[in-house]
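These are my notes from a first look through one model. I took the topics one at a time.

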Amino acid sequence: SPVQEIQFFGANVLHSKVRKEWCTFPAESRGPAFNTLRDLLLESLRKNPSSGGLVPARLCLALGAAAAQQADALSEFVSTALSVGSGDQGAQGSFVAMSMLSALPDEMEQLAPTPSAEGSPSARPSAHDLLGFLPSVVGLLERLIGTGASETPSASVQRAGFVCLRTWTALAPESMSLRTLYTTYPRLAEALLRALEAQDTVQAAADALCEACT
């Protein structure tokens, strides 16, 4: 609809602005601005009940771009994603949670490093800063898309989950090897193998599997 097209355009512009200009915000403004972005995403999630909405997906990227430039926002970002994925929003909540968690490492990779004051709470985080969240993130993926999940995930939710798994595995291949996946997250590993047999999910599953094998 025209309204959704306008909303998507606005979310796309917002993502671009956050990625390019977040580091220019005064330090005291970044916390409130981050909270506003988070609330905007949560409100969009409430208003877009269908799984895979384009507007929430772009807002995930915008919020991820903000967190990727502010180390002290990482915990709040991941906590919000885990809460959304564990809530009662169903498939859309699962999709948004995994889109958020995929956006963060992707945005960190896309953003060129810039010098910042040592010890500054707004300094850009590194991949190492995300490792402490890895067990919680992969645990959420197992609950949402692993075999025996409480709600059978759609193909779009499965794809989002496998993309998320690939991006987080790439952060620390030694911590998320194929052996670790099978021994620690067996239901997720089984879902990954089953997804290789379905046309709608084979590519995303193969990409995640290849990342775990490297």
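I started at Pro 186, which lies in helix α9, residues 186-195. The model is a predicted one. I looked up the accessibility of Pro 186 and found a relative accessible area of 42%, so Pro 186 counts as partly exposed. Leaving out residues up to four places away in sequence, I found that Pro 186 touches Glu 142 and Leu 181. I also took the distance from Pro 186 to Thr 147: the C-alpha atoms are separated by 8.7 Å, and the two residues are 39 residues apart along the chain.

Next I went to Ser 177. I found Ser 177 in the loop between α7 (155-171) and α8 (178-184). Its relative accessibility is 22%, so Ser 177 is partly exposed. From Ser 177 to Ala 103 I read 21 Å, C-alpha to C-alpha, with their positions 74 residues apart in sequence.

**Helices α1 and α3**

I then asked how helix α1 and helix α3 cross. Helix α1 covers residues 2-21 and helix α3 covers residues 54-67. Their axes come within 8 Å and cross at roughly 10 degrees. Angles under 35 degrees count as roughly parallel, so α1 and α3 are roughly parallel to each other. On the α1 side I listed Gln 4, Gln 7, Phe 8, Ala 11, Asn 12, Leu 14, His 15, Val 18 and Arg 19 as making the contact. On the α3 side the list is Leu 54, Val 55, Arg 58, Leu 59, Leu 61, Ala 62, Ala 65 and Ala 66. I sorted the residues of this contact by type and got 11 nonpolar, four polar and two charged.

**Salt bridges**

Side chains of opposite charge can pair when their charged atoms come close. How many salt bridges are there? I counted six salt bridges, and I wrote up some of them.

I began with Arg 19, already noted in the contact of α1 with α3. Arg 19 forms a salt bridge with Glu 107, and the closest N and O atoms are 2.9 Å apart. The pair links distant parts of the chain, since Arg 19 is in helix α1 and Glu 107 is in helix α5 (residues 90-110), 88 residues apart. Are the two partners buried or exposed? Arg 19 has a relative accessible area of 27% and is partly exposed, whereas Glu 107 is buried at 2%.

I stayed with Glu 107 to see what else is around it. Not counting residues up to four places away in sequence, Glu 107 touches His 15, Arg 19, Leu 61, Gly 64, Ala 65 and Ala 68. Among these, His 15, Arg 19, Leu 61 and Ala 65 also appear in the contact of α1 with α3.

The next pair was Glu 43 and Arg 46, with the closest N and O atoms 2.6 Å apart. Both residues lie in helix α2 (residues 27-47), three residues apart, which is about one turn of the helix. Glu 43 is partly exposed at 30% relative accessible area, and Arg 46 is exposed at 58%. I then noted that salt bridges with shared partners join Arg 38, Asp 39 and Glu 76 into one network.

Within that network I looked at Asp 39 and Arg 38, whose side chains meet in a salt bridge at 3.2 Å, N to O. Asp 39 is partly exposed at 41% relative accessibility, while Arg 38 counts as buried at 16%.

Arg 38 also came up when I checked Thr 80. Thr 80 sits in helix α4, residues 74-86, and is buried at 9% relative accessibility. With residues up to four places away in sequence left out, Thr 80 touches Arg 38, Leu 42 and Met 100.

**Cysteines**

Last, I searched for disulfides and found zero. Why is Cys 60 not bonded to Cys 164? The sulfur of Cys 60 is 11 Å from the closest cysteine sulfur, which is in Cys 164, and this is too far for a bond. A disulfide needs the two sulfur atoms within 2.5 Å. Cys 60 is buried, with a relative accessible area of 1%, and Cys 164 is buried at 0%.

Conventions
Residues numbered from 1 in each chain as written. Predicted model: local features only at pLDDT ≥ 70, side-chain atom pairs only at ≥ 80, totals over all residues. Heavy atoms only, no water. Axes fitted to C-alpha atoms, helices over the stretch in contact; angles between N-to-C directions. Helix = DSSP H or I, 4+ residues; strand = E, 2+ residues; numbered from the N terminus. Parallel < 35°, antiparallel > 145°, perpendicular 65-115°, else oblique. Contact = heavy atoms within 4.5 Å. Nonpolar A, V, L, I, M, F, W, Y, C, P; charged D, E, K, R; others polar. Salt bridge = Lys/Arg side-chain N within 4 Å of Asp/Glu carboxyl O. Buried < 20%, exposed > 50% of the residue type's maximum accessible area, 1.4 Å probe, protein only.
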